[in-house]
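Let's take a walk through this structure together. Keep the sequence and the 3D view open, and look for each piece as it comes up.

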Amino acid sequence: MSAPDVSCVITPGPGGAAALRTSVDSVLDQSLRAVEALVVLPRDTDASVRAAAGTYAGRAPDRVRVLDTDAPGDVPAVARNAGLSAARGTYVLVLGDGERLRRHACRTLWEAGERTGAELVAGCWSRLTEDGAKEQEPPWQHALFPRSRVVTKLTDAPELVVRDALVTGFCLRRAALERFGARYDEDLGPGDSVFGARAAVSVGRIALVRRRIVSGRAAADPGHDLAGRVEAHRRIRELLEARGAGALREERERAFPLDRLVPLVHAFPALPAAERDRLAATAARVLPGCVPEPALLTLPPVERVGVRLLERGDADGVLGAAYALRRRGSVAAPLVVRDDGRVQWRDGEPDPALDVTELGHQHRAFGELRLMNRLTRYEAEGGGVLLEGRLVLPGHTGPGPAATAWLEFRVRDGARAVRLPVGELRRDATGISWRARADLTRLLRPVGVRDTLWDARMIVEDGPVHAVSDLFAPHDLVGPAHRSPARPRLGLLAGDTWQPYVTLKDHLAFRLEARHRPARTVRRAVHYATHFRPARKARLLLRALGRRRDRLRSRAFKISVYHSWFLRLPVRAGSAVFESHMGTCYGDSPRAVHQEVRRRGLPLRCVWSYDRSRDGFPAGERLVRRWSWRYLWELARAEYWIDNQGFPQHLRKPSGTTYLQTWHGSAYKRMGFDETRVRMANAPRRELLQRAVHRFDHFLVRSEHDVRTLAHAYRLPERTLLRTGYPRNDVLFTARARDESEGRLPRGPLAERLGLDDHRQVVLYAPTFRGGPGRRGRRRLPLDVARFAERFGDRYTLLVRAHYLEAANLPVCPPGTVVDVSDHHDTGELLVLADALITDYSSVMFDYALLDRPLVLFAPDLDTYAAERGSYFDLREKAPGPVAETEDELFEVFERLKAADTGFQAERAAFAREFGGYDRGDAAHAVVDAVFARHLSRTSRTTDPGEDRR
Amino acid sequence: MSTGRDVFVVANSTDELGGVTGWTHRTAHLFQERGHRVHTIGVHAAELTMALPDPPDYPVTALYPAHPPTPWEPQGVRDRFRIPSRRREAARVKAKRKAVERLSGIFREARPGGVVIVTQVWAMEWVGEADTAGLKVIGMSHESYDYSRASHRYRWIKSHYADLDRWLVLTEEDADDWAGDGMDNVGFMPNALAGLPPVPSPRTAKSVASIGRLTDQKGIDMLLDAWALVAPRRPDWTLDVYGAGEDEAALRAQCTGLGLDGSVRWRGRTDDVPGALARSSVFVQSSRGEGFPLALMEAMASGVPCAAFDCAPGVREIVRDGQDGLLAPAGDIGALADRLLRLTGNPRMRDAMGDRARTGVQRFSEAEIVRRWEELFALLER
């Protein structure tokens, strides 16, 4: 046979013969035929492995070569190097233990190499998850393979050397391999990543193909060969330094703790105690000097603490950090608040790596904090058990001296719970040590069916304050030796033993097991009864019925019933359906219109639609859930539809119905058919939108700007436009009048409810919606709220209002500095409350300008946003206040808000005139006059206060 | 290595009006020229036939005389027991089996090293069932990944094409996307440029040309909106819209509504594309979706610089933005108008880009593409 295209070097490993077969089979199954498998057997190879290799060599002698070497078996590097020397292929590829080449891998690599002339061709690889059930690509691989490409500079693909990308899934041109003579480091253990990094810095061209090349790599075992890994890391650092790639070295130093050390910390609770101690000792020996201080300080706080404690060899401390990592937001150490206000993980020398001020625990009191309660001892004797543990207390808060504690056992997913008092409580400076004895057999009396799992937790009561904590235990604390007898109410046939175990979330729980023959027999019988064929059939049938039921509840079905049946119903005169922001709130202009209707006593039957929750909606009104049958029924029969965003697009409007679209704000970004996304959509989708928009009979506008933008973008005919301004803004005029006559204080009941005090000014932060349609979820706010609070906490209270489609995830801040008002239904009230506004592109800026109060635009991504979404005008040119593009600029503005603001009064007035010309404070009245004229009785026409204004 | 192979090109139809049929015969002809023995097979012969440039010098086979019936899917319980439906279905299955056997027979006559190229997804239903032992089977797609993803073809492709020897798409970017969905056998092969006009356009006429069917996909409505921004500033320029289609009336109405009747000329369908390009200086494409647009390549071959929406990887592949044409973010009318203004306002840029485009687009010349096909055949044999 002529020289093969690709030689695959395979060395046997801990996986033995089975792993070897997997790898060799995957090579023989390659779609590229000219591939050889080069199996290198070390000196002391297992006989079964040798036999397996021999079988392949016999079966496909031209494609499988077996190389017997006298390499030692425990260092695969020696065998691999022997393989590299013996390889004959144009390209050489090394497969690890049990790794499989995908079927077209060699063809892909070979083609890419030939087409691009690259000396190293690398592709994606995946490894098994911890439970071995699935494959998973390392998360940084997306950044390395955005597209297939060729790189000549490592800085274009830093992940190649920053992360351990080149450990598998790549091939090297043999000519290049011989040129620079790279070999695996024979003094390093199996986790050797130096070879790939050395190859990457030595070759000229690297082709990256976005194809999975290798799968089935063994799951990452963070505790395996720590010393070897650290040494490999050190060598790669030196290699990069020697090549003058200082920036890459620094990047690697930042990535290494996250890739290797944090997973090790994370794995700690699952390791046995001896192994934890051994690892900590190894870490203390090899880690110092490995993670430079600046790199360590770039890590998030808990990760940083974990790495630092690992470095110090503090096995118990690492266990605590692991708990804080696995249960975000819990306190796992006796935090110490120092004199300068900084918070340290625990007492001792000040150490910036142990500074966890930014977690914000210091702002929370006992009862609000989730504390680590570590179980330290578990003993079982007959039916009784002895539990000992320690509840961590941070220095700044704790229960009073009269606190009592209970152990509670609760059925998982059930309501039943039993509790017993904790006998001994000893409080000291850093926590509470406790001890409890329980007669498990008599205390826990399960029925025996559906309540076989019980969770344990502890409750500390101090007057009205309760602190609940699960019992955290390392996984080896309890085992088969700690069983207790059980007495289910159904009798011993339902189960006979309590087995304590540690859950995946690391807390103590109990499982009812069947250990003795009678119970085991019953279990088997029950299992058979619930799993044999008729039972399976029954389950399938039930599932099918469920699917059918779901179909009857689906929107598609409801829409068809709505169109074919509901629309035939006669319209009920005087009935109106209100909806604001697709049912998420009771607010905005529909609310203002509704209140005006009520105030003037119009005989209308009003119905409000709500989505998800009724909270915040007026109790006395008729409420219907969005998309319920009742909702569709009301819509089909309503004489008026009033909404600010759009009733479901697919629903046709009944012929006798009037649709008042109040709309939810003037436009800065392009909307409707001016929006790129809509323009590029296919014709049916655009028609759907157009039909939905053509349902509007009245559309409120605030200025000619709205006519030019919104009305044009949605192709609304002139006759639908009502030039009244927004009813929601009427309150702003009232507030402004009050400002001018009596000043802003006192602030009123809402301020009291939010806990705002008078000596701090109120700043409302209301950024715009960033996501596309349908994507809900928590997103980072553009503004670092905690930094704002830290700097201005004594002067300003920040109200944060995320967009109604998003929810903000706010960091913990000192009390009274940051308040989340995203749930508040009426933005108008918040605007009135705020002494200043920060926003970016949200339409609240148009409304707030009417109040003539300071307004700051914080738009860090102004240019990209305007380029991506498109805008109707240049924000910088027309801005009603200072435009800050960085956080520092924003803070600068707030340092001297008054001075910054005085320069903008003229601009603000012009802005309010241009974008809110029709807003005069009587919009609700005018809208009711225009839309509900038919229902206005003579009395309500004469008694209104708006009359004399005209 | 062009010592003749047996190459079977399988399409939905042998002579249906459309781009793929044109591609099929053009490619078949090229392979024939290179000494391969080509056999073109269509699932059926079409009623609306396409005028082929010259009678093919290779065998053409249609498996069915007309479009075969679609598989029967019982609608409700009653239909399940309807005997005529069942008999029709049985007849369809029988006819299909016969067609597959005929196809297998054709394939079996091939000598070693033969290749089957399936140009369309539907035809794969027959090839997949036929006996292709000893042959390499290549599946092809003539649309972008996103376009397939949005259609029912996506699942079909994933289940039927994953086991082929090669799944060819138009660009490397599309290939990467398919690979991300687990199609490891994916490769890419651009369409070939049919021919290079001997003389490039003089680029003297003040005319912007658009060539394409007047359907929603081609986005002429957006072009008119963009032109409404351009026309007032380029009063001496005209927009020449070549092509016909279902949306013509609506588009003309839109044109009148925008007051563009003076500067837009509706030229109707043309068979003389190089001639039309010779009469214009700028080419514009405002499509909502594309594969590997031939019109764009033809314009560039005529030395006419292009302004286009960056709506698919194929467009990015053909036009290197800023070098031999200008791309605008898809759907951004202001940006497209801006590109048109830049091209119409600057004759030197037009000339430079046009010349570069004419040279650059030759990387998709027929000779080059055939060379890549030969490479692919060799790769599949290794």
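## A helix at the meeting point

Start in chain B, just past helix H7(B): this helix is followed by B:Gly182, whose phi is positive, near 90 degrees. Before going further, keep in mind that this is a predicted model.

Now look at the helix itself. Is H7(B) enclosed or open to the outside? Seven of its nine residues are buried, so H7(B) is largely enclosed by the rest of the structure. To count as buried, a residue needs 20 or more other C-beta atoms within 10 Å of its own. The ones that pass in H7(B) are B:Glu173, B:Asp174, B:Ala175, B:Asp176, B:Asp177, B:Trp178 and B:Ala179. What do they pack against? From chain B there are helix H5 (145-149), strand E6 (166-169), strand E7 (186-188) and helix H12 (313-318), and from chain A there is strand E10 (206-217).

That last partner takes us to the place where the two chains touch. Here, 17 residues of chain B are in contact with 21 residues of chain A. On the chain B side, the largest share comes from helix H7 (residues 172-180), which gives five residues. Sort that side of chain B by class and you get nine charged, five nonpolar and three polar residues.

Step back and take in chain B as a whole. Chain B has 15 helices and 13 strands, and its C-alpha trace spans about 65 × 60 × 40 Å along the principal axes. A compact globule of 382 residues would have a radius of gyration near 21 Å, and the 23 Å of chain B agrees with that. Of those 382 residues, 46% count as buried. You can also ask how far along the sequence the contacts reach: among contacts in chain B between residues at least 6 apart, 66% join residues at least 24 apart.

Chain B also comes in parts. Domain 1 of chain B covers 6-142 + 365-381, while domain 2 covers 207-364. Their centres, taken over C-alpha atoms, are 34 Å apart, and the contact takes five residues from each of these two domains of chain B. On the domain 1 side, those residues are three polar, one nonpolar and one charged.

Over to chain A. This chain is divided into domain 1 (6-220), domain 2 (252-363), domain 3 (370-527), domain 4 (565-725) and domain 5 (728-771 + 781-915). Between the centres of domain 2 and domain 4 of chain A lie 54 Å.

Next, find helix H19 (residues 588-599) and helix H34 (residues 923-931) of chain A: their axes come within 9 Å and cross at roughly 70 degrees. H19(A) and H34(A) are therefore roughly perpendicular to each other. Where they meet, H19(A) brings A:Ala592, A:Val593, A:Glu596 and A:Val597, and H34(A) brings A:Ala924, A:His925, A:Val927 and A:Val928. By class, this contact of H19(A) with H34(A) has six nonpolar residues, one polar and one charged.

Our last stop is A:Leu862, in helix H29 (residues 862-869) of chain A. A:Leu862 has 19 other C-beta atoms within 10 Å, which makes it partly exposed. Leaving out residues up to four places away in sequence, A:Leu862 touches A:Leu875 and A:Glu885. For a sense of distance, try A:Asp46: from A:Leu862 it is 816 residues away in sequence and 65 Å away in space, C-alpha to C-alpha.

Notes
Residues are numbered from 1 along each chain as its sequence is written. Chains are lettered from A and ligands numbered from 1 in the order in which they are written. This is a predicted model: local features need pLDDT of at least 70, side-chain atom pairs count only at pLDDT 80 or more; totals for chains, interfaces and linings use all residues. Two residues are in contact if their C-beta atoms, placed from the backbone, lie within 7 Å. Helices (H or I, at least four residues) and strands (E, at least two) are DSSP runs, numbered from the N terminus. Ala, Val, Leu, Ile, Met, Phe, Trp, Tyr, Cys and Pro count as nonpolar, Asp, Glu, Lys and Arg as charged, and the others, Gly among them, as polar. Domain bounds come from an automatic or database domain assignment. The radius of gyration is taken over C-alpha atoms; the globule rule is 2.2 Å times the number of residues to the power 0.38. A residue is buried if 20 or more other C-beta atoms lie within 10 Å of its own, exposed if 12 or fewer, and partly exposed in between; C-beta atoms are placed from the backbone. Axes are lines fitted to C-alpha atoms, for helices over the stretch in contact, and angles run from 0 to 180 degrees between N-to-C directions. Angles under 35 degrees count as roughly parallel, over 145 as roughly antiparallel, 65 to 115 as roughly perpendicular and the rest as oblique.
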